[in-house]
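This briefing introduces one protein structure for a reader who is beginning to study such models. Please keep the sequence and the structure in view while reading.

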Amino acid sequence: MMAPIFQWLGADSAVSALLTSGSILKVFRDEAEQGTTAPYVRWSLVAGQPENYVSDVPGIDNCRFQFDVIGRTRAEVDDVYEAVRTVLEQHGHIVFFAGSDKDPETKLFRLVFDLSVWTSR
């Protein structure tokens with residue numbers, strides 16, 4: 001089963017306050033919709049492994065998700081990251097930080113991290 005990332009983040013008032021524009025929660029799987037304004041979060045499934053058993057099919061998977069937090073300023077990225085992290089750490093473990101940077105073309109800031117989550121099938 002795919003972890004319900006969108007539902008987890010959308011249920012949190014702090015995340016919703018930072019990432020909702022109109023009625024749209026700016027949390028996207030794989031890529032943001034064209035024309036999306038910052039801040040927003042993009043996430044992707046980057047790896048996974050079933051918990052294999054000798055006598056039965058796996059009943060649980062370990063999935064690793066990458067998150068990109070995009071914002072207009074470093075402070076905005078930090079605020080969104082802290083809210084998103086607070087929610088996600090209730091469901092899994094942050095296992096990797098890929099760093100942060102500023103895109104020279106868009107002038108947007110980005111922070112990248114990975115989350116490991118066990119999900120039942």
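The points below go from the overall fold to the aromatic rings, the nonpolar cores and two further residues.

The structure is a predicted model. Its secondary structure consists of three helices and seven strands. Phe113, which is buried, appears under several of the topics that follow.

**Overall fold and surface**

- Starting at the N terminus, the elements follow the order α-α-β-β-β-β-β-α-β-β.
- The C-alpha trace spans about 55 × 30 × 25 Å along its principal axes.
- The protein has 121 residues, and 38% of them are buried.
- If one takes the contacts between residues at least 6 apart in sequence, 56% of these join residues at least 24 apart.
- The protein exposes about 7,100 Å², of which carbon and sulfur atoms supply 49%.
- There are 11 positive and 17 negative side chains, and the centres of these two sets lie 5 Å apart.

**Aromatic pairs**

- The structure contains six aromatic pairs.
- In one of these pairs, Phe67 and Phe113 have ring centres 5.1 Å apart and ring planes at 10°; planes under 30 degrees apart count as stacked, so this pair is stacked.
- Phe67 belongs to strand S5 (residues 60-71) and Phe113 to strand S7 (residues 109-120), so their pairing ties together parts of the chain that are 46 residues apart in sequence.
- Both Phe67 and Phe113 are buried.
- The rings of Tyr81 and Phe113 have centres 5.3 Å apart and planes at 75°; planes over 60 degrees apart count as edge-to-face, so this pair is edge-to-face.
- Because Tyr81 is in helix H3 (residues 74-88) while Phe113 is in strand S7, this pair ties together parts that are 32 residues apart in sequence.
- Tyr81, like Phe113, is buried.
- One aromatic cluster is formed by Phe67, Tyr81, Phe97 and Phe113.

**Nonpolar cores**

- The largest nonpolar core has 27 residues, and the members that touch the most others are Phe67, Val84 and Phe113.
- Two or more residues of this core come from each of helix H1 (5-10), helix H2 (13-19), strand S4 (40-50), S5, H3 and S7.
- Helix H3 gives the largest share of this core, with seven residues.
- Apart from its neighbours within four places in sequence, Phe113 is in contact with ten residues' worth of surroundings that include Phe65, Gln66, Val69, Leu88, Ile94 and Phe97.
- A second core, separate from the largest one, has five residues, among them Phe28, Ala32, Ala38 and Ile70.

**Two partly exposed residues**

- Ala75 is located in helix H3.
- The relative accessible area of Ala75 is 49%; residues over 50% count as exposed and those under 20% as buried, so Ala75 is partly exposed.
- Ala75 and Phe109 are 34 residues apart along the chain, and their C-alpha atoms are separated by 9.4 Å.
- Phe96 is part of strand S6 (residues 93-102).
- With a relative accessible area of 40%, Phe96 is also partly exposed.
- When residues up to four places away in sequence are not counted, Phe96 touches Arg64, Phe113 and Asp114.
- Phe96 and Ser13 are 83 residues apart in sequence, and their C-alpha atoms are 26 Å apart in space.

How values were computed. Residues numbered from 1 in each chain as written. Predicted model: local features only at pLDDT ≥ 70, side-chain atom pairs only at ≥ 80, totals over all residues. Heavy atoms only, no water. Helix = DSSP H or I, 4+ residues; strand = E, 2+ residues; numbered from the N terminus. Buried < 20%, exposed > 50% of the residue type's maximum accessible area, 1.4 Å probe, protein only. Contact = heavy atoms within 4.5 Å. Areas by Shrake-Rupley, 256 points an atom, 1.4 Å probe, with all protein chains shown as cover. Lys, Arg positive; Asp, Glu negative; His and termini not counted. Charge placed at Lys NZ, Arg CZ, Asp CG, Glu CD. Phe/Tyr/Trp six-rings, centres within 6.5 Å; stacked < 30°, edge-to-face > 60°. Core = buried A, V, L, I, M, F, W, Y, C linked by side-chain atoms within 4.5 Å.
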